[in-house]
Amino acid sequence: MENSPSSNGGKGSTKPILSINTLKRMTPSTYTIRNAFSSEFEEIGKLLISVYSQLEGFPKENEQPNYYKMLANIGDFTHYPQTELLVAVDENNTLFGAVIYFNDMQYYGSGGIATQEQNSAGFRLLGVATTARGKGIGKLLTQECIEKAALNKRGQVIIHSTLAMKTAWEMYEKLGFKRSEDLDFMQGELAVFGFRLPLLS
């Protein structure tokens with residue numbers, strides 16, 4: 001899963017992919033999307049735990065302790081090849097959001113068949129700080145992942161979401177992601193729903 005309540009998105013799948021600089025100009029404040037420093041891993045984990053634990057209908061830490069342990073140790077994903085932990089920061093380097101980008105789906109780590117997808121990129125565990133919602137940060141992080149996939153000539157971007165992540169779900173659909181039921185799976189008692197965004201070659 002790759003999402004938290006974040007901002008409203010663009011106008012749909014018929015628009016061309018926007019550059020990250022264009023998207024920055026569209027937001028009220030300027031945020032930089034970059035790779036996380038190892039010194040930030042612990043703070044990012046705490047941010048994601050805070051975000052996910054506050055989602056209505058999402059399992060709490062006592063219900064899925066391994067999931068929250070994964071969030072706490074989010075920096076471990078950077079040990080995988082072609083995998084990046086991206087963050088959104090302001091001019092003071094204050095952390096406002098994060099996401100994991102996978103250029104090779106075999107490292108994606110979800111249930112279902114997603115890890116078997118070839119020539120595909122994906123992202124998971126997108127989270128935006130409560131204090132920064134509605135500022136377009138979730139969209140910026142998402143668009144950065146899409147651009148990375150396009151630059152690496154991936155055929156599609158794969159993500160997952162849940163019913164507890166309505167705001168993010170709507171944003172993804174506005175950016176052109178389409179439901180893909182073959183990617184759905186159950187995480188314990190939680191239904192997880194798959195999406196695909198085809199990329200032009």
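What share of the contacts in the protein chain with a separation of 6 or more is accounted for by residues 24 or more positions apart? The figure is 70%. Keep it in mind as we go through the structure, which is a predicted model.

Let me start with the outline. The chain has 5 helices and 8 strands. Along the sequence they come in the order α-β-α-α-β-β-β-α-β-α-β-β-β. There are 201 residues, and 54% of them are buried. The accessible surface is about 9500 Å², and carbon and sulfur atoms contribute 49% of that surface.

Now to strand β4, residues 120-128. Is β4 enclosed or open? It is largely enclosed by the rest of the structure, because 9 of its 9 residues are buried. Which strands does it pair with? On one count there is β3, residues 95-102, which runs antiparallel to β4 and is joined to it over 5 bridges. Within that pairing, Tyr-101 has Phe-123 of β4 as its bridge partner. There is also β5, which is parallel to β4 and connected by 3 bridges. Here Ala-121 stands opposite Val-157 of β5.

After β4 comes a loop that leads to α4, and Ala-132 is in that loop. Is Ala-132 buried or exposed? A residue is called buried when its relative accessible area is under 20%. Ala-132 has 1%, so it is buried. Its contacts, leaving aside neighbours within four places in sequence, are Phe-96 and Ile-137. Gly-97 is 35 residues away from Ala-132 along the chain, yet their C-alpha atoms are separated by 8.3 Å.

Next, helix α5, residues 166-174. Its buried residues are Ala-168, Trp-169, Met-171 and Tyr-172. Why are they on the same side of the helix? Because they cover an arc of only 165 degrees around the axis. What do these buried residues pack against? The list is β4, α4, β5, β6 and β8. So β4, the enclosed strand from a moment ago, is one of the elements that α5 packs against. Following α5 there is Gly-176, with a positive phi near 110 degrees.

The last topic is the aromatic rings. How many aromatic pairs does the structure hold? It holds 14. One of them is formed by Tyr-67 and Tyr-68, with ring centres 6.2 Å apart and 75 degrees between the planes, which is edge-to-face. Both of these tyrosines are buried. Another edge-to-face pair is Phe-102 with Tyr-108, at 5.4 Å centre to centre and 70 degrees between the planes. Phe-102 and Tyr-108 are both buried as well. They also belong to a cluster linked by ring pairs, together with Phe-77, Tyr-80 and Tyr-107.

Two arginines sit over rings. The charged end of Arg-124 is over the ring of Tyr-108, 5.5 Å from the ring centre. Tyr-108 therefore has Arg-124 over its ring, and it counts as such because the cut-off is 6 Å. The other arginine is Arg-179, which lies over the face of Phe-195 at 5.7 Å from the centre of that ring.

To close, back to the opening number. Residues 24 or more positions apart make up 70% of the contacts with a separation of 6 or more. The pairing of β3 with β4 and the packing of α5 against β4 are two places to look in the structure above.

How values were computed:
Residues numbered from 1 in each chain as written. Predicted model: local features only at pLDDT ≥ 70, side-chain atom pairs only at ≥ 80, totals over all residues. Heavy atoms only, no water. Buried < 20%, exposed > 50% of the residue type's maximum accessible area, 1.4 Å probe, protein only. Helix = DSSP H or I, 4+ residues; strand = E, 2+ residues; numbered from the N terminus. Arc of directions from axis to C-beta. Contact = heavy atoms within 4.5 Å. Areas by Shrake-Rupley, 256 points an atom, 1.4 Å probe, with all protein chains shown as cover. Phe/Tyr/Trp six-rings, centres within 6.5 Å; stacked < 30°, edge-to-face > 60°. Lys NZ or Arg CZ within 6 Å of the ring centre and 35° of its normal. Pairing = 2+ DSSP bridges.
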